[in-house]
Amino acid sequence: MDNPHLYFRRRRTSFIALLVFVLLVAVNWRYFYNLGDRVRQTRPGSYQYEVEKDIVPTDDELDCLYGKTAPINDHSIERIPNNAHFIFGLSNPYDGDTGSFDFLAFLAVRSAVVGLQASRIFLHYTYLANPPSPEPNKNPFSNPWVNRLKDKLTLVYHPPEESNKIKDKSGARKAAHIADVLRLQILSEQGGIYLDMDAFTLRPFTNILNSPRDIFMGHEGGNRAGMANAIIVARAGSTFIDRWIAEYDHIDFEKEWNYHSVIFPKELQHEAHYWTEQIELNGGSPFNRQPTYHA
């Protein structure tokens, strides 16, 4: 039989090691949580793994890029407005590292003036002051880069209460998720072109704005596993946008971080294509040999 003193010493050493491990986990729980979340979301077969694959453009995409496709214009349908919408500064700058409206943000908006040739440019914001202020709507033109654009911009102030309503309704907590919802609401109500603050437009969207389609988005991911919400062109009242907004009413943040902003619109696209094909196949009805349809 082992020496009882040696036995208890081993037990004590094991207990101390376990206690140290528990304390380390408790102190660094956020790191371990993020690490586990990243492993879960980047494993083979995950949404993010599929989205981050390298892209190989198709012939049709290359033709579109180099302007070789014929424009699809339908003048009987109202044109999508050539208005650009940007969102910035929804979070109180004193709540964390929220960034500032800097030179790169200035360039993004300036590209909408020169490259996109937008009719109007709207900057939706809550905090813009420089130096940062915890007071909402505190002198936005104190930011020198915003001030340089003042003759080209229409500032649209969104009070913190508006963000709180989005939080209460959707369960969103991060400013990025609130901006995801806000951009859809803006496009649903007004139509136009939404652009992230790191999106730089090089030329006008003339053919897109004249198209009979209600919404345009780019693929995200090498195998086109998602739809990028960084640039959205949409007509006011788009049913696609409205269904997308409705999804945020029961948002599940246990899913991957980009599910509602990137993966879900791709699922909506597949669903829309399926029913379009079924209606064409069945001569105008969603189902084969359907005698009536009640909307």
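Q: How many bridges join strand β1 to strand β4, and which way do the two run?
A: First, the general idea: two strands pair if DSSP finds at least two bridges between them. Strands themselves are DSSP runs of E, at least two residues long, while helices are runs of H or I with at least four residues, and both are numbered from the N terminus. Here, 2 bridges link β1 (residues 83-88) with β4 (residues 192-195), and the strands run parallel. His-85 is the residue standing opposite Tyr-194 in β4.

Q: Before going on, what kind of model is this?
A: It's a predicted model, where local features need pLDDT of at least 70, side-chain atom pairs count only at pLDDT 80 or more, and totals for chains, interfaces and linings use all residues. Residues are numbered from 1 along each chain as its sequence is written, and side-chain values use heavy atoms, with hydrogens and water left out.

Q: Which other strands pair with β1 and β4?
A: Look at β1 again: 6 bridges join it to β2 (residues 120-125), in parallel, and Phe-88 sits opposite Tyr-125 in β2. Strand β4 pairs with β6 (residues 226-234) in the antiparallel sense, over 4 bridges. There, Ile-193 has Val-233 in β6 as its bridge partner.

Q: What is the order of the strands in the sheet?
A: The open sheet has 6 strands in the order β3-β2-β1-β4-β6-β5, with mixed pairing. β3 (154-157) and β5 (215-220) are at the edges with a single partner strand each, so one side of each has no neighbour in the sheet. From one strand to the next, the twist averages 30 degrees. As a general tip, side chains in a regular strand alternate between the two faces of the sheet.

Q: Which helix lies across β1, β2 and β4?
A: That's α5 (residues 103-114), which runs at about 175 degrees to β1. For such angles, axes are lines fitted to C-alpha atoms, for helices over the stretch in contact, and the angles run from 0 to 180 degrees between N-to-C directions. Contact means heavy atoms within 4.5 Å. The whole chain has 11 helices and 6 strands.

Q: Is Ser-261 buried or exposed?
A: The cut-offs come first: buried is under 20% relative accessible area, exposed is over 50%, and partly exposed is in between (1.4 Å probe, protein chains only). Ser-261, at 7% relative accessibility, counts as buried. You'll find Ser-261 in helix α11 (residues 259-281). Leaving out residues up to four places away in sequence, Ser-261 touches Asp-180, Met-227, Asn-229, Trp-244 and Tyr-248. Across the chain, buried residues make up 37% of the 295 residues.

Q: How many salt bridges are there?
A: A salt bridge is a side-chain nitrogen of Lys or Arg within 4 Å of a carboxyl oxygen of Asp or Glu. By this rule there are 3. Take Arg-183 and Asp-180, whose closest N and O atoms are 3.2 Å apart. Both residues lie in helix α8 (residues 175-190), 3 residues apart, about one turn of the helix. Arg-183 is buried at 5% relative accessible area, and Asp-180 is buried at 8%.

Q: Which residue besides Asp-180 meets Arg-183 in a salt bridge?
A: Asp-196 does, at 3.4 Å from N to O. Asp-196 lies in the loop between β4 and α9 (206-209) and Arg-183 in helix α8, so the pair ties together parts 13 residues apart in sequence.

Q: Where do Asp-214 and Arg-235 lie?
A: Their side chains meet in a salt bridge (2.9 Å, N to O). Asp-214 is in the loop between α9 and β5 and Arg-235 in the loop between β6 and α10, so this pair ties together parts 21 residues apart in sequence. Asp-214 is partly exposed at 33% relative accessible area, whereas Arg-235 is buried at 12%. Salt bridges that share partners join Asp-180, Arg-183 and Asp-196 into one network.

Q: What does Gly-237 touch?
A: Not counting residues up to four places away in sequence, Gly-237 touches Leu-187, Ser-188 and Asp-242. Gly-237 lies in the loop between β6 and α10 (239-247).
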